[in-house]
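Me: I should like to work through this structure by question and answer. Please show it first.

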Amino acid sequence: MYNPKSLKAEEFINHEEILETLEYAEKNKNNVEVIDKILEKARELKGLSHREASVLLACEIPEKVEEVYKLAEQIKKDFYGNRIVIFAPLYLSNYCVNGCVYCPYHHQNGTIPRKKLTQEEVKAEVIALQDMGHKRLAIEAGEDPVNNPIEYILDCIKTIYSIQHKNGAIRRVNVNIAATTVENYRRLKEAGIGTYILFQETYHKESYEKLHPTGPKHNYAYHTEAMDRAMDGGIDDVGLGVLFGLEMYKYEFAGLLMHAEHLEAVHGVGPHTISVPRVKKADDIDPDAFDNGISDEIFEKIAACIRVAVPYTGMIISTRENEKVRKQMLHLGVSQISGASRTSVGGYTQEERPHDTEQFDVSDQRTLDDVVKWLMDMDYIPSFCTACYREGRTGDRFMALCKSKQIQNCCHPNALMTLKEFLEDYASPETKKVGEKLIEKEIDNIGKEKVKQIVRERLKKIEQGDRDFRF
Ligand code: SF4
Ligand code: SF4
């Protein structure tokens, strides 16, 4: 039985409910009256149910699809303005006991070198990331209780936060590690993490079990119920995601939204972020082996429908995607991107991009300075803001501010001040020139005179060497 309030995976991600949803969507995909009603509801910015959003995803009427795209763009502007938050992944270890068939770190892969960073190496990686200008990291590690126990992850987080090189600092560490116990989530929370991110990979149980034939990750229920344990452990910002290309995208889409509805129903807080990765080429992995691969067009439609269905959530796209796709996705609702990522263990400290321990091929290989300038040339404000969790704005407190759009009063000035830090400390002369102009223009978009004045004062102070101002 489908029950969003249940704590059992198979009840809140209910297979029959998904099949009925897909049937309903198929039946109504050309029903203009139904589609218009859904669009009307979406315009109220209160989000859509998985059934409603699935109709929009299935819809093939060009004018209506265009309306969905326009609405996604509008919602993005309403909630996030023109700011794009920037982060980088940091790979700590590729030891893994699981058998995920789409990931090169799977246990049976005998050709990939195994590597785990020492604390000294973590320090060197963090300095390299700080020297690019990064302030926000997502740490990644395979599941291996012997090589990567929770104590190792906690040590790494401590090391990362402790390093201050020149004007650099990592101010928010998001964590992407395997499903674990309430007690371990509590320890992560105490270590001061930002968001806990765990991709479901696929919501289709049967496929899930085939794609994860061995290791603890084989347990569908334990994996799917991880966010509930994380929230029980006190982590109130969680990030969902599916790996598009593993199962039918319409099925995944419905499952993803049901998961978001479940978190709202049980914990009163929906997902802080939703990531949209696609299967990519890597050592021992051929994406063509998965026959559910999706085109760029479908991928963009998925992003637009997520934005319309869950307007308050941050949407993340990584360097798995190339510049062209990333550009298109920014218009349709993506609010966070990674920049200058290296997806190998120890990759940031090496001159040339290493490929030996890469988790996936990086399509967008530009430097952070290039990415920042690229965003500004398109009139986006690259933001290195990490203010919320440091100000205690997490979970339902954050969501209330976000849903009422008041959060913008913080996001916008914080984006300008953190961009200013980047321009002062790390930007090339050309990027700095473009950035200064953008900041000057964007100060005028701060609504309150008083805030405008404070921002101007703080920008001056940043020029004089002060750092880390925030609202
Ligand atoms: S996806 Fe994660 S759990 Fe699976 S093999 Fe890769 S690193 Fe291990
Ligand atoms: S103020 Fe909060 S929501 Fe806005 S960009 Fe900063 S951390 Fe994100």
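Me: In this predicted model, how many charged residues are in the shell around ligand 1?
Reply: The residues around ligand 1 include Cys-96, Cys-100, Cys-103, Glu-143 and Lys-217. Sorted by class, this shell has five nonpolar and three polar residues, and the number of charged residues is two.

Me: Which element gives the largest share of the shell around ligand 2?
Reply: Around ligand 2 lie Val-85, Ser-383, Cys-385, Thr-386, Ala-387, Cys-388, Ile-407, Cys-410, Cys-411 and Asn-414. Two elements give two or more residues to this shell, namely α16 (387–390) and α18. The largest share, three residues, comes from α18.

Me: How many charged residues are in the shell around ligand 2?
Reply: This shell, with Ser-383 and Thr-386 among its members, has seven nonpolar and three polar residues. The number of charged residues in the shell around ligand 2 is therefore left to the class count, which gives no charged residues.

Me: How far apart are the end C-alpha atoms of helix α18?
Reply: Helix α18 covers residues 408–425, and 13 of its 18 residues are buried. At 1.5 Å a residue, the helix should span 26 Å. The computed distance agrees with this, since the end C-alpha atoms are apart by 25 Å.

Me: Which helix gives the largest share of the largest nonpolar core?
Reply: The largest nonpolar core has 140 residues, and Leu-137, Tyr-196 and Val-308 are among those with the most contacts inside it. Nine of its residues, the largest share, come from helix α12 (residues 249–267).

Note on methods: Residues are numbered from 1 along each chain as its sequence is written. Chains are lettered from A and ligands numbered from 1 in the order in which they are written. This is a predicted model: local features need pLDDT of at least 70, side-chain atom pairs count only at pLDDT 80 or more; totals for chains, interfaces and linings use all residues. A nonpolar core is a set of buried Ala, Val, Leu, Ile, Met, Phe, Trp, Tyr and Cys residues joined through C-beta atoms within 7 Å. A residue is buried if 20 or more other C-beta atoms lie within 10 Å of its own, exposed if 12 or fewer, and partly exposed in between; C-beta atoms are placed from the backbone. Helices (H or I, at least four residues) and strands (E, at least two) are DSSP runs, numbered from the N terminus. A residue is near a molecule or strand if its C-beta atom, placed from the backbone, lies within 6 Å of it. The expected span of a helix is 1.5 Å times one less than its number of residues.
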